[in-house]
Amino acid sequence: MISTPLFSVIIHTYDRIGFLKQSCEAVINQTYDRLEIIIIDNGGPSEIKEYLSGLTLQDNRCKILNYEENQFSWNDPMQFYPICFNDALMFSKGNYIWAQEDDEIISNEYIEKMVQLFQGHSECISAAGRAVSIDSRGNVNKEELDNRKSNYRSRYMPGHLLALQNLEGKNVLFSSPGMIFSFRRNALLQYGGFHRACEYHQLYGVVPFGITGFDDTAHLFWRRHEGQLNKALASQGWIGTKELFSMVDDLDIEAKWRVFGDDTARYVVKQIKKNQTRTAAVWFVINLCSLRMGGALRIFRDTWRVFSFWSFLPGRLWRENQRFFRKTYSFPLRVIKYILRPVINPIRRRLSKSSSL
């Protein structure tokens, strides 16, 4: 066991200088100080470069991985994951690896608690804290913090059971996996590094093959804000379907899962695809009803051949129609009810008296 292992933190940024400063400060001020902080400057503007240049002068733990051109493309929005994060992974020297975006913040003892998880179990290859949302100003969602509805699991458990329980819809994780896991470097390299379907690859392609650790007192604060990339992508029909399906094939997920039995391996692949087509049906209907035809068409092209997509559509269309009706007509109905109240209330009272006689 390494007494004070080096922990590598990878932060990806482009042009959110305010969020970036908060994220970097949270990492720099960690109680665990044997850190390597690798910041990916993905073709950011001059204010980002100036801030990062100053950061390296202030703290020699900070290293910058520069890209002259932004590696993000709206035609292939997930391409920057394997490019930027795998470059950072190969550049890193840490025994443990944690990757985050620049709009996230970690609590002061987060990394120290991750190291304790790794060192507390020799077979622990992944570790995570508890995800809690904050707003654009950094205000913590107190209701979510004090009354959690997910992330219920033991300090250590077999990673494949965590993945299976998540597939079954149990409250063992945040509502979506996110990039919440830290990894032993050798395990992350062994199981493929960073894939286009990054968060799902971590959960189904790395975590299952060892023990996973969890400390619910270590908080990852993820930020709700208008600039969230996943919101913009979903509205244009990019919901990760192609990436997830390709992950299953590219990394031969079924073959890897056979160590837990053939039936389990088949079930995992089937359920991964089923859950994704359910998500596709949801976003197809949302985009369709919002008249975002390009986004709806993109989702349709990716999933129309999958039977489960069609099985989910009727129910989703019905629910969205009900939601639309309530949203559109509830206010006019309340106005009509208010106007007619002087007529309706006397009639109600008379009927009430009649029924009591």
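**Note on the predicted model**

1. Overall content. The protein has 14 helices and nine strands. The model is a predicted one. Of its 357 residues, 48% count as buried. Among contacts with a separation of 6 or more, 76% come from residues 24 or more positions apart.

2. Strand β2. This strand runs over residues 35-42 and is mostly covered. Eight of its eight residues are buried. Which residues point which way? L35, I37, I39 and D41 point one way from β2. E36, I38, I40 and N42 point the other way. Both sets are buried, D41 and N42 included.

3. Pairing of β2 with β1. Strand β1 covers residues 7-13. It pairs with β2 in the parallel sense, over seven bridges. For S8, the bridge partner in β2 is E36. The chain gets from β1 to β2 by way of helix α1, residues 17-28. This β-α-β crossover is right-handed.

4. Pairing of β2 with β3. Strand β3 spans residues 62-67. β2 and β3 also pair in the parallel sense, here over six bridges. I37 has C62 as its bridge partner in β3. Helix α2, residues 46-58, joins β2 and β3 in a β-α-β unit, and this unit is right-handed.

5. Geometry of α2. How does the span of α2 compare with what 1.5 Å a residue predicts? The helix has 13 residues, so it should span 18 Å. Its end C-alpha atoms are 18 Å apart, which agrees.

6. Two sides of α2. The buried residues are I48, Y51, L52 and L55. They cover an arc of only 95° around the axis, so they sit on the same side of α2. That buried set packs against β1, α1, β2 and β3. The face turned away from the buried side carries exposed residues: S46, E50 and L57. Note that a leucine, L57, is on this exposed list, whereas L52 and L55 are on the buried one.

7. Helix α3. The same check can be made on α3, residues 80-91. Twelve residues at 1.5 Å a residue should span 16 Å. The end C-alpha atoms are 16 Å apart, which agrees. The buried residues of α3 are F80, Y81, C84, F85, N86, A88 and L89.

8. H225. This residue is in the loop between β9 (211-223) and α9 (229-235). Is H225 buried or exposed? Its relative accessibility is 7%, so it counts as buried, the cut-off being under 20%. The side chains of H225 and D103 are joined by a polar contact of 2.9 Å. Beyond its neighbours within four places in sequence, H225 is in contact with R16, F19, D103, S136 and K231. D103 thus appears both in the contact list and as the polar partner.

9. R196. This residue lies in the loop between α7 (185-190) and α8 (198-206). At 31% relative accessibility, R196 counts as partly exposed. Which side chain makes a polar contact with that of R196? It is the side chain of D76, at 2.7 Å. R196 and M78 are 118 residues apart along the chain, yet 5.4 Å separates their C-alpha atoms. With neighbours within four places in sequence left aside, R196 is in contact with D76, M78, Q79, Y81, P82 and E243. One of these contacts, Y81, is also among the buried residues of α3.

10. S308. Helix α14 runs over residues 307-356 and holds S308. With a relative accessibility of 16%, S308 counts as buried, because the cut-off is under 20%. Residues up to four places away in sequence not counted, S308 touches K274 and T277.

11. R319. This arginine is also placed in helix α14. Its relative accessible area is 48%, so R319 is partly exposed. Exposed would need over 50%. R319 and V285 are 34 residues apart in sequence. Their C-alpha atoms are 9.7 Å apart in space.

Key. Residues numbered from 1 in each chain as written. Predicted model: local features only at pLDDT ≥ 70, side-chain atom pairs only at ≥ 80, totals over all residues. Heavy atoms only, no water. Buried < 20%, exposed > 50% of the residue type's maximum accessible area, 1.4 Å probe, protein only. Helix = DSSP H or I, 4+ residues; strand = E, 2+ residues; numbered from the N terminus. Pairing = 2+ DSSP bridges. Right-handed = clockwise from strand over helix to strand, strands pointing away. Expected span 1.5 Å × (residues − 1). Arc of directions from axis to C-beta. Contact = heavy atoms within 4.5 Å. Polar contact = N/O pair within 3.5 Å; in protein donor to acceptor, adjacent residues only side chain to side chain.
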